[in-house]
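Please look over the fold report below. It takes the strands and sheets before the cores and two single residues.

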Amino acid sequence: PPGTPATCPTLHASADFAVQVKVPDLRIRYGPSQQYAVSSLPDLKDGDLLRCNCFAYGEGIPDPLAGNAIDRRWYRFGHYLWVASALVEGNAPGSTP
């Protein structure tokens, strides 16, 4: 939730990588699952770029660019804002779906 930074695996806490939104409206969440609340920030749009600072494994989401294969990665940007890897293009260093 806001004000409580999510914890990332130590190995990836300092990861710095960029991804690009690949869906029309991407909801920003407060944790690595659709069970977390949606942020009050505006949805991200197709083509928006994000600078991420870590990743975690959470709820699996079908990846439309990978034949709807399930991707369990979630990417954090800022202190507590998360997006599903399946809905952006780009990969966290050393990660696998």
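Which residue in strand 8 is the bridge partner of Val21? The partner is Val88.

This is a predicted model, in which local features need pLDDT of at least 70, side-chain atom pairs count only at pLDDT 80 or more, and totals for chains, interfaces and linings use all residues. Residues are numbered from 1 along each chain as its sequence is written, and side-chain values use heavy atoms, with hydrogens and water left out.

**Overall fold**

The protein chain has eight strands and zero helices. Its elements run β-β-β-β-β-β-β-β from the N terminus. Strands (E, at least two residues) and helices (H or I, at least four) are DSSP runs, numbered from the N terminus. Of the 97 residues in the chain, 41% are buried. Buried means under 20% relative accessible area, exposed over 50%, and partly exposed in between, with a 1.4 Å probe and protein chains only. The accessible surface comes to about 5,300 Å². Carbon and sulfur atoms account for 55% of that surface. Areas come from the Shrake-Rupley method with a 1.4 Å probe; for residues, only the protein chains shown count as cover. Take the contacts between residues at least 6 apart in sequence: 59% of them join residues at least 24 apart. Contact means heavy atoms within 4.5 Å.

**Two sheets**

Two strands pair if DSSP finds at least two bridges between them. The table sets out the two open sheets.

| Strand order | Pairing | Edge strands |
|---|---|---|
| 4-1-8 | antiparallel | strand 4 and strand 8 |
| 5-6-7 | antiparallel | strand 5 and strand 7 |

Each edge strand of the 4-1-8 sheet pairs on one side only. Strand 1 and strand 8 pair over two bridges, in the antiparallel sense. In the 5-6-7 sheet, the twist from one strand to the next averages 30°. That angle is taken between N-to-C directions of axes, which are lines fitted to C-alpha atoms (for helices over the stretch in contact), and runs from 0 to 180 degrees. Strand 5 and strand 6 run antiparallel and are joined by seven bridges. Asp63 stands opposite Ala69 in strand 6. Asn68 lies in the loop between strand 5 (54-63) and strand 6. Its phi is near 65°, a positive value in a residue other than glycine.

**Cores**

A nonpolar core is a set of buried Ala, Val, Leu, Ile, Met, Phe, Trp, Tyr and Cys residues joined through side-chain atoms within 4.5 Å. The largest has 18 residues. Phe17, Leu44, Tyr75 and Val83 have the most contacts inside it. Strand 1 (17-21), strand 4 (49-52), strand 6 (69-77) and strand 7 (81-84) each give two or more residues to this core. Strand 1 gives the most, with three. A second, separate core has seven residues, including Cys54, Ala56, Trp82 and Ala86.

What does Leu44 touch, beyond its neighbours within four places in sequence? It is in contact with Val21, Pro24, Asp25, Leu26, Ile28, Leu50, Phe77 and Val83.

**Ser85**

Ser85 sits in the loop between strand 7 and strand 8 (88-89). Is Ser85 buried or exposed? Ser85 counts as buried because its relative accessibility is 2%. Not counting residues up to four places away in sequence, Ser85 touches Asp71, Arg73, Trp74 and Tyr75. Ser85 and Val21 are 64 residues apart in sequence, yet 9.3 Å apart in space, C-alpha to C-alpha.
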